[in-house]
Amino acid sequence: MAGMWSLARVRRRRPFRVLVLGGARSGKSATAERMLGGRDHVDYVATGAVPDDADPAWAARVNAHRQRRPADWTTLETRNLVPILAATSPERIVAPVLVDCLSTWLAGVMDDIGLWEGRDGADRKLAARVDSLVDAWRTTRRHVVAVSNEVGSGVVPATASGVRYRDELGVLNARIAAECDQVWYCVAGIARRIK
């Protein structure tokens, strides 16, 4: 991709934070991966559910992502992002982080805390988890690229839970973007820097 920025060229001592936004199948994950192309060691944090036989379409998507990753990248399948961003050991600080993606992270957190069942304290727990992630993002000493879906520019969701998710993701994206050095937006496989 001509003119694509690459974290491989960034050799700064201070952290560098990038957010890559886009809709479904917009090319945002591939864009983020290209930004880290040429780096030997990357911590690739996959925040979605581990695939199983119950959802073959999800399993196919995850498999496609796995096949694109270089063999020397370390894959971490977790939603526990704060310790990864907060790592301070020299060997971890030099390895950039790719988070794919904040959208599945948020959906998983909302499930974990029982938001959809109306569990007591779920709203407070969600706010605390989001605040912790944003704080870790702001204070990380690592180079990090995160992917997230832009879901606020399409059809208004037909359900209250869909509206809630859209709104929470919009707020999360805005808070992370405010703490970024760069923000990119992908449409039809074309990435454009917007910050």
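Helices (H or I, at least four residues) and strands (E, at least two) are DSSP runs, numbered from the N terminus. With that in hand, we can place Asp-181 in the loop between helix 7 and strand 6 (182-187).

This is a predicted model, in which local features need pLDDT of at least 70 and side-chain atom pairs count only at pLDDT 80 or more, while totals for chains, interfaces and linings use all residues. Residues are numbered from 1 along each chain as its sequence is written, and side-chain values use heavy atoms, with hydrogens and water left out.

## The overall fold

The protein chain is built with seven helices and seven strands. Follow the sequence and you meet them in the order β-α-β-α-β-α-α-β-α-α-β-α-β-β. The radius of gyration (taken over C-alpha atoms) is 16 Å, close to the 16 Å that the globule rule gives for 195 residues, so the chain is as compact as a globular protein of that length. That rule is 2.2 Å times the number of residues to the power 0.38. Along the principal axes, the C-alpha atoms fill a box of roughly 45 × 35 × 35 Å.

Contact means heavy atoms within 4.5 Å. Among contacts in the protein chain with a separation of 6 or more, 77% are between residues 24 or more positions apart.

## Inside the protein

A residue is called buried under 20% relative accessible area, exposed over 50%, and partly exposed in between (1.4 Å probe, protein chains only). Of the 195 residues, 41% count as buried. Helix 1 (residues 28-35) is mostly covered, with six of its eight residues buried; among them are Thr-31, Ala-32 and Met-35.

In soluble globular proteins, nonpolar side chains tend to be buried together. Here a nonpolar core is a set of buried Ala, Val, Leu, Ile, Met, Phe, Trp, Tyr and Cys residues joined through side-chain atoms within 4.5 Å. Which residues touch the most other members of the largest core? They are Leu-19, Leu-102 and Leu-172, in a core of 30 residues. Several elements supply at least two residues each, including strand 1 (17-22), helix 5 (102-112) and helix 7 (160-178). Helix 6 gives the largest share, seven residues. Leaving aside neighbours within four places in sequence, the contacts of Leu-19 include Leu-102, Ala-146, Ile-176 and Trp-184. A second, separate core has 17 residues, including Phe-16, Ala-32, Ala-46 and Ala-191.

## A closer look at the loops

Back to Asp-181: its relative accessible area is 22%, so it is partly exposed. Not counting residues up to four places away in sequence, Asp-181 touches Arg-14, Pro-15, Phe-16, Arg-17, Arg-193 and Lys-195. Asp-181 and Pro-157 are 24 residues apart in sequence, and 31 Å apart in space, C-alpha to C-alpha.

Most residues other than glycine have a negative phi, and most peptide bonds are trans. Two loop residues that are not glycine have a positive phi:

| Residue | Phi | Loop | Relative accessibility |
|---|---|---|---|
| Arg-25 | about 60 degrees | between strand 1 and helix 1 | 65%, exposed |
| Ala-188 | about 50 degrees | between strand 6 and strand 7 (190-193) | 69%, exposed |

What kind of peptide bond joins Asp-100 and Cys-101? The bond is cis, with omega about 5 degrees. Cys-101 sits in the loop between strand 4 and helix 5.
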